[in-house]
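The following exercises practise the reading of a protein model. Each task is followed by a solution that proceeds step by step.

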Amino acid sequence: GYAFVFVAGAFGFGVLAAFVAGLFGADVHGAVPVVAGLIGGFLAVWLQRVVIILATAAQGALASVLAAASLVSGGGVRAYRALFYRLLDGDMSHLGSFWLYLGLFSWLILFAAGLAAQFTRGKEMYRRQGRRTIAP
(Lines give C-alpha, C1' and ligand atoms only; values in the text may rest on other atoms or scores of the structure.)
Protein backbone atom coordinates (compact mmCIF):
# COMPACT_ATOMS: atom_id res chain seq x y z
CA GLY A 1 0.00 0.00 0.00
CA TYR A 2 2.49 2.65 1.08
CA ALA A 3 4.99 1.92 -1.68
CA PHE A 4 2.34 2.41 -4.35
CA VAL A 5 1.18 5.67 -2.78
CA PHE A 6 4.79 6.88 -2.57
CA VAL A 7 5.43 6.01 -6.24
CA ALA A 8 2.18 7.64 -7.36
CA GLY A 9 2.96 10.82 -5.42
CA ALA A 10 6.54 10.88 -6.68
CA PHE A 11 5.46 10.39 -10.29
CA GLY A 12 2.73 13.02 -9.99
CA PHE A 13 4.99 15.67 -8.51
CA GLY A 14 7.81 14.87 -10.94
CA VAL A 15 5.49 15.24 -13.95
CA LEU A 16 3.97 18.38 -12.45
CA ALA A 17 7.42 19.95 -12.01
CA ALA A 18 8.36 19.16 -15.62
CA PHE A 19 4.98 20.41 -16.88
CA VAL A 20 5.18 23.72 -15.01
CA ALA A 21 8.74 24.27 -16.23
CA GLY A 22 7.58 23.48 -19.78
CA LEU A 23 4.80 26.06 -19.52
CA PHE A 24 7.37 28.74 -18.79
CA GLY A 25 9.72 27.51 -21.48
CA ALA A 26 12.46 26.74 -18.99
CA ASP A 27 14.97 23.95 -19.45
CA VAL A 28 14.67 21.62 -16.50
CA HIS A 29 17.73 20.16 -14.84
CA GLY A 30 17.28 16.41 -14.33
CA ALA A 31 17.41 16.80 -10.56
CA VAL A 32 14.33 19.04 -10.38
CA PRO A 33 11.73 16.35 -11.19
CA VAL A 34 13.62 13.88 -8.97
CA VAL A 35 13.63 16.21 -5.96
CA ALA A 36 10.00 17.19 -6.61
CA GLY A 37 9.18 13.50 -6.89
CA LEU A 38 10.78 12.68 -3.55
CA ILE A 39 8.91 15.52 -1.87
CA GLY A 40 5.68 14.41 -3.54
CA GLY A 41 6.22 10.81 -2.52
CA PHE A 42 6.63 11.64 1.15
CA LEU A 43 3.67 14.04 1.08
CA ALA A 44 1.54 11.37 -0.58
CA VAL A 45 2.28 8.85 2.16
CA TRP A 46 1.62 11.44 4.85
CA LEU A 47 -1.69 12.59 3.29
CA GLN A 48 -2.64 9.25 1.73
CA ARG A 49 -6.45 9.46 1.61
CA VAL A 50 -6.53 13.06 0.40
CA VAL A 51 -3.87 12.42 -2.25
CA ILE A 52 -5.70 9.40 -3.62
CA ILE A 53 -8.94 11.37 -3.89
CA LEU A 54 -7.18 14.34 -5.55
CA ALA A 55 -5.29 12.11 -7.97
CA THR A 56 -8.29 10.08 -9.08
CA ALA A 57 -10.47 13.17 -9.49
CA ALA A 58 -7.77 15.00 -11.49
CA GLN A 59 -6.96 12.01 -13.72
CA GLY A 60 -10.61 11.16 -14.30
CA ALA A 61 -11.38 14.74 -15.30
CA LEU A 62 -8.31 14.91 -17.55
CA ALA A 63 -9.13 11.61 -19.25
CA SER A 64 -12.71 12.78 -19.84
CA VAL A 65 -11.65 16.10 -21.36
CA LEU A 66 -8.99 14.52 -23.59
CA ALA A 67 -11.40 11.79 -24.70
CA ALA A 68 -14.08 14.36 -25.55
CA ALA A 69 -11.54 16.47 -27.46
CA SER A 70 -10.30 13.49 -29.43
CA LEU A 71 -13.87 12.43 -30.29
CA VAL A 72 -14.87 15.93 -31.37
CA SER A 73 -11.73 16.31 -33.48
CA GLY A 74 -12.34 12.95 -35.15
CA GLY A 75 -8.79 11.82 -34.44
CA GLY A 76 -9.62 8.98 -32.06
CA VAL A 77 -6.87 7.36 -30.02
CA ARG A 78 -4.05 9.08 -31.94
CA ALA A 79 -5.53 12.49 -31.13
CA TYR A 80 -5.91 11.47 -27.48
CA ARG A 81 -2.25 10.43 -27.25
CA ALA A 82 -1.08 13.55 -29.11
CA LEU A 83 -3.07 15.82 -26.78
CA PHE A 84 -1.77 14.00 -23.72
CA TYR A 85 1.88 14.30 -24.81
CA ARG A 86 1.45 17.96 -25.75
CA LEU A 87 -0.11 18.58 -22.36
CA LEU A 88 2.89 16.96 -20.66
CA ASP A 89 5.26 19.07 -22.78
CA GLY A 90 3.30 22.22 -21.95
CA ASP A 91 2.76 22.84 -25.68
CA MET A 92 -0.93 23.66 -25.81
CA SER A 93 -0.60 26.80 -27.94
CA HIS A 94 -1.73 24.96 -31.09
CA LEU A 95 -5.28 24.65 -29.73
CA GLY A 96 -6.10 28.34 -29.73
CA SER A 97 -7.27 30.20 -26.69
CA PHE A 98 -10.99 29.30 -26.96
CA TRP A 99 -10.44 25.53 -26.98
CA LEU A 100 -7.74 25.71 -24.36
CA TYR A 101 -9.96 27.69 -21.98
CA LEU A 102 -12.97 25.49 -22.74
CA GLY A 103 -10.91 22.39 -21.94
CA LEU A 104 -9.55 23.96 -18.76
CA PHE A 105 -13.02 25.05 -17.65
CA SER A 106 -14.43 21.58 -18.38
CA TRP A 107 -11.58 19.97 -16.47
CA LEU A 108 -12.17 22.23 -13.46
CA ILE A 109 -15.91 21.42 -13.40
CA LEU A 110 -15.28 17.66 -13.69
CA PHE A 111 -12.47 17.81 -11.13
CA ALA A 112 -14.72 19.63 -8.63
CA ALA A 113 -17.53 17.13 -9.25
CA GLY A 114 -15.13 14.23 -8.72
CA LEU A 115 -13.85 15.74 -5.49
CA ALA A 116 -17.34 16.40 -4.20
CA ALA A 117 -18.50 12.89 -5.05
CA GLN A 118 -15.51 11.20 -3.44
CA PHE A 119 -15.39 13.31 -0.30
CA THR A 120 -19.13 12.99 0.38
CA ARG A 121 -19.75 9.42 -0.79
CA GLY A 122 -16.36 8.22 0.40
CA LYS A 123 -17.09 9.21 3.99
CA GLU A 124 -20.53 7.64 3.74
CA MET A 125 -19.09 4.36 2.43
CA TYR A 126 -16.36 4.41 5.10
CA ARG A 127 -18.93 4.89 7.88
CA ARG A 128 -21.12 2.09 6.55
CA GLN A 129 -18.17 -0.24 6.25
CA GLY A 130 -17.20 0.32 9.90
CA ARG A 131 -20.67 -0.67 11.14
CA ARG A 132 -20.96 -3.79 9.04
CA THR A 133 -20.85 -7.04 10.99
CA ILE A 134 -20.60 -10.53 9.64
CA ALA A 135 -22.94 -13.11 11.10
CA PRO A 136 -21.28 -16.38 12.12
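**Exercise 1. Determine the handedness and the geometry of the crossing of H1 with H2, and describe the contact between them.**

Solution. H1 passes H2 in a right-handed crossing; the structure examined here is a predicted model.

Step 1. The axes of H1 and helix H2 (residues 31–46) come within 6 Å and cross at roughly 140 degrees. Angles over 145 degrees would count as roughly antiparallel, and those from 65 to 115 as roughly perpendicular. The angle found here therefore makes H1 oblique to H2.

Step 2. On the side of H1, the contact is made by Tyr2, Val5, Phe6, Gly9, Ala10, Phe13, Gly14 and Ala17. On the side of H2, the residues include Val32, Pro33, Ala36, Gly37 and Leu38.

Step 3. Sorted by class, the residues of the contact of H1 with H2 comprise 14 nonpolar, 5 polar and no charged ones.

**Exercise 2. Decide whether Gly14 is buried or exposed, and state what it touches.**

Solution. Step 1. Gly14 belongs to helix H1, which covers residues 2–23.

Step 2. A residue is buried under 20% relative accessible area. Gly14 has 11% relative accessibility, and therefore counts as buried.

Step 3. When neighbours within four places in sequence are left aside, Gly14 is in contact with Pro33, Ala36 and Gly37. For Gly14 and Pro33, the separation is 19 residues in sequence and 4.2 Å in space, taken from C-alpha to C-alpha.

**Exercise 3. Analyse the packing of H3 with H4.**

Solution. Step 1. H3 and helix H4 (residues 76–89) pack at an angle of about 130 degrees, and their axes are 8 Å apart. The pair is therefore oblique.

Step 2. The crossing of H3 and H4 is right-handed.

Step 3. H3 contributes Leu62, Ala63, Leu66, Ala67, Ala69, Ser70 and Ser73 to the contact, while H4 contributes Gly76, Ala79, Tyr80, Leu83, Phe84 and Leu87. By class, this contact of H3 with H4 holds 10 nonpolar, 3 polar and no charged residues.

**Exercise 4. Identify the residues of the largest nonpolar core and the helices that supply them.**

Solution. Step 1. The largest nonpolar core consists of 5 residues, namely Ile53, Ala57, Ala61, Phe111 and Leu115.

Step 2. At least two residues of this core come from each of helix H3 (48–73) and helix H5 (97–131). H3 provides the largest share, with 3 residues.

Step 3. Ala57 illustrates the links: apart from its neighbours within four places in sequence, Ala57 is in contact with Phe111, Gly114, Leu115 and Gln118.

**Exercise 5. Classify Ala116 by its accessibility, and give its distance from Ile53.**

Solution. Step 1. Ala116 is located in helix H5.

Step 2. The limits for the intermediate class are 20% and 50%. Ala116 has a relative accessible area of 42%, and is therefore partly exposed.

Step 3. Ala116 and Ile53 are 63 residues apart in sequence, and their C-alpha atoms are 9.8 Å apart in space.

**Exercise 6. Summarise the protein chain as a whole: how many helices and strands are there, and what percentage of its residues count as buried?**

Solution. Step 1. The protein chain has 5 helices and 0 strands. Read from the N terminus on, its elements run α-α-α-α-α.

Step 2. Of its 136 residues, 19% count as buried.

Step 3. Among the contacts in the protein chain with a separation of 6 or more, 65% are between residues 24 or more positions apart.

Key: Residues are numbered from 1 along each chain as its sequence is written. This is a predicted model: local features need pLDDT of at least 70, side-chain atom pairs count only at pLDDT 80 or more; totals for chains, interfaces and linings use all residues. Side-chain values use heavy atoms; hydrogens and water are left out. A nonpolar core is a set of buried Ala, Val, Leu, Ile, Met, Phe, Trp, Tyr and Cys residues joined through side-chain atoms within 4.5 Å. Buried means under 20% relative accessible area, exposed over 50%, partly exposed in between (1.4 Å probe, protein chains only). Helices (H or I, at least four residues) and strands (E, at least two) are DSSP runs, numbered from the N terminus. Contact means heavy atoms within 4.5 Å. Axes are lines fitted to C-alpha atoms, for helices over the stretch in contact, and angles run from 0 to 180 degrees between N-to-C directions. Angles under 35 degrees count as roughly parallel, over 145 as roughly antiparallel, 65 to 115 as roughly perpendicular and the rest as oblique. A crossing is left-handed if the near helix is turned anticlockwise from the far one by less than a right angle, and right-handed if clockwise. Ala, Val, Leu, Ile, Met, Phe, Trp, Tyr, Cys and Pro count as nonpolar, Asp, Glu, Lys and Arg as charged, and the others, Gly among them, as polar.
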